[in-house]
Amino acid sequence: MLTKRVIPCLDVVPGERGGCVVKGVEFVNLRNAGDPVELAKRYNEQGADELVFLDITASHEGRKAMIDVIERTADEVFIPMTVGGGIRTVEDIRSILRAGADKITVNTTAVKDPSFIKKSSDIFGSQCIVTAIDCRSNANVDDPHAVNIIENKWGRPAWYEVVIYGGRTPTGIDAIEWAKKAEELGSGEIMLTSMDADGTKDGYDLPIIRAISNAVRIPVIASGGAGNVEHMYEAFVKANADAALAASIFHYCEYTIGQAKEYLRSKGVPVRL
Amino acid sequence: MIAIIDYGVGNLRSVEKGLAYVGARSKVTNDPSEIDSADAIVLPGVGAFESGMGQIAPLKGVILERAREGVPLLGICLGMQMLYEESEEGGQHKGLGLVKGRIARFPESLKVPHMGWNSLSIKKRHRLLNGIKDGSYVYFVHSYRAPVGESTVAATDYGGDFTAIVAEDNVVGTQFHPEKSGETGLRMLKNFAEMA
């Protein structure tokens, strides 16, 4: 049976002396705490199904640091790796894949130029183009941009609007429509983050994850809001997500990935153990 | 030396690193003379069947010749599909014809690509599976699949069984990515290297 994926997310930032670190890591007993390669190895040993690396600076320096991290990780870790953050050109994708990544995520670039999804999936294959969608519920249901009105996580009618530039800029695009379009353009997967849930640790934004997961025929990765393993269970069972992404609950050693998967299995969710 | 055939697509670095990790020497190449002298050949692959076959066209002769000589040949993902007679991806296209059968798309009712970790149901023993337990998980990403047939060594269930590992003597193929399947995949790469 195809298992549900548990994916730790590493926010990579350039550090001093050309090195790089993972933001917000509080590992105990970890050599070189914060070195993304050490962390990637640790997560691999714990049973992570994939690794996601995000370049949160999206700068030239950040990209160089990221390529180095991917190359060093690919020497030792043999599970799929996805890289995102600031990808703007076909050459960006090529250099990341060449370094040893398997997939890339596009977000702002794709919103501004949807043909970028088609162009890059035609060249590299759908399987490596993940469209990252950041969105936020908008209670103004009379907005002419609103296409799909659903009940948001607070139980109120709303539409979900795509936001870009790290959530700062609303776009007037309906998130469900955008997910369908991303699929049509050749995206192989959707990574969905609701800004209403991100960082809260109150749980994923289940209504929009469920709505998008049911609207497309490609896998959906739930992202943003995981505060405990029960939240992962909810994303899989209540919102039909194919994968659950989390950062802080793993970085802060609240759970190992193995513990999270043990819990999911005990609740009947198929996972790789 | 294991020749990893480079035809311009895919993450070849991972295959190379995976083989290096298990102590096998390999080289990414599109040079027919290197393929001709290799102890084993890996045909990797991502992307579409027709373009893949188009890309390997100049090397088709040497690949077939070496395979018929008995040199171990491992096709991975699209590389496995290209071992078959034909595929329905993007019309009807002929493959290398080293394995009987036809590649077809998953039913419309399923989410495609079939992406993630799924388990192997071992149908018969093969050297590639030395030390691998029935039910082991491996990583898949694909939208087309081979039916289960006489040459199926292991099957995987996604809306019904399909061929996850195929073997006809020295010619083997994995629909999943052994170079992305953790310890299980590395063990298979080691087993393959030992076939050489």
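How many bridges join strand 3 of chain B to strand 4 of chain B, and do the two run parallel or antiparallel? Three bridges join them, and the strands run parallel. This is a predicted model. In chain B, strands form an open sheet of eight and an open sheet of four. In chain A, helix 2 packs with helix 3.

**The eight-stranded sheet of chain B**

- The strand order is 2-1-3-4-14-13-12-9, and the pairing is mixed.
- Strand 2 (26-29) and strand 9 (121-122) are the edge strands, each pairing on one side only.
- Strand 3 covers residues 40-43, and strand 4 covers residues 73-76.
- I41(B) stands opposite L73(B) of strand 4.
- Strand 4 also runs parallel to strand 14, with four bridges between them.
- I76(B) has T174(B) in strand 14 as its bridge partner.
- Side chains of strand 4 alternate: L73(B) and G75(B) point one way, while L74(B) and I76(B) point the other way.
- L73(B), L74(B), G75(B) and I76(B) are all buried.
- Strand 12 and strand 13 (residues 161-168) run antiparallel and are joined by five bridges.

**T152(B), in strand 12**

- T152(B) belongs to strand 12, which spans residues 152-157 of chain B.
- Its bridge partner in strand 13 is V166(B).
- T152(B) has a relative accessible area of 4%, under 20%, so T152(B) counts as buried.
- A polar contact of 2.8 Å links the side chain of T152(B) to the side chain of T163(B).
- Beyond neighbours within four places in sequence, T152(B) is in contact with K123(B), K124(B), P147(B), T163(B), I165(B) and V166(B).

**E179(B), in a loop**

- E179(B) sits in the loop between strand 14 (171-174) and helix 6 (182-195) of chain B.
- Is E179(B) buried or exposed? E179(B) is buried, with a relative accessible area of 5%.
- The side chains of E179(B) and H177(B) make a polar contact of 2.8 Å.
- Neighbours within four places in sequence aside, E179(B) is in contact with S14(B), V15(B), I76(B) and L189(B) in chain B, and with F78(A) in chain A.
- I76(B) thus links two topics: I76(B) is in contact with E179(B), and I76(B) is a buried residue of strand 4.
- R145(B) lies 34 residues from E179(B) in sequence, and their C-alpha atoms are 19 Å apart.

**The four-stranded sheet of chain B**

- Strands 6, 5, 7 and 11 form an open sheet in the order 6-5-7-11, with mixed pairing.
- The edges are strand 6 (93-94) and strand 11 (144-145), and each pairs on one side only.
- Strand 5 (residues 84-87) runs antiparallel to strand 6, and two bridges join the pair.
- H93(B) in strand 6 is the bridge partner of S87(B).

**Helix packing in chain A**

- Helix 2 (residues 60-74) and helix 3 (residues 90-98) pack at an angle of about 30°, with axes 9 Å apart.
- That angle is under 35 degrees, so helix 2 is roughly parallel to helix 3.
- R63(A), I67(A) and I70(A) come from helix 2, and they meet D92(A), S95(A) and I96(A) of helix 3.
- The residues of this contact divide into three nonpolar, one polar and two charged.

Definitions and conventions. Residues numbered from 1 in each chain as written. Chains lettered and ligands numbered in written order. Predicted model: local features only at pLDDT ≥ 70, side-chain atom pairs only at ≥ 80, totals over all residues. Heavy atoms only, no water. Axes fitted to C-alpha atoms, helices over the stretch in contact; angles between N-to-C directions. Parallel < 35°, antiparallel > 145°, perpendicular 65-115°, else oblique. Contact = heavy atoms within 4.5 Å. Nonpolar A, V, L, I, M, F, W, Y, C, P; charged D, E, K, R; others polar. Pairing = 2+ DSSP bridges. Buried < 20%, exposed > 50% of the residue type's maximum accessible area, 1.4 Å probe, protein only. Polar contact = N/O pair within 3.5 Å; in protein donor to acceptor, adjacent residues only side chain to side chain.
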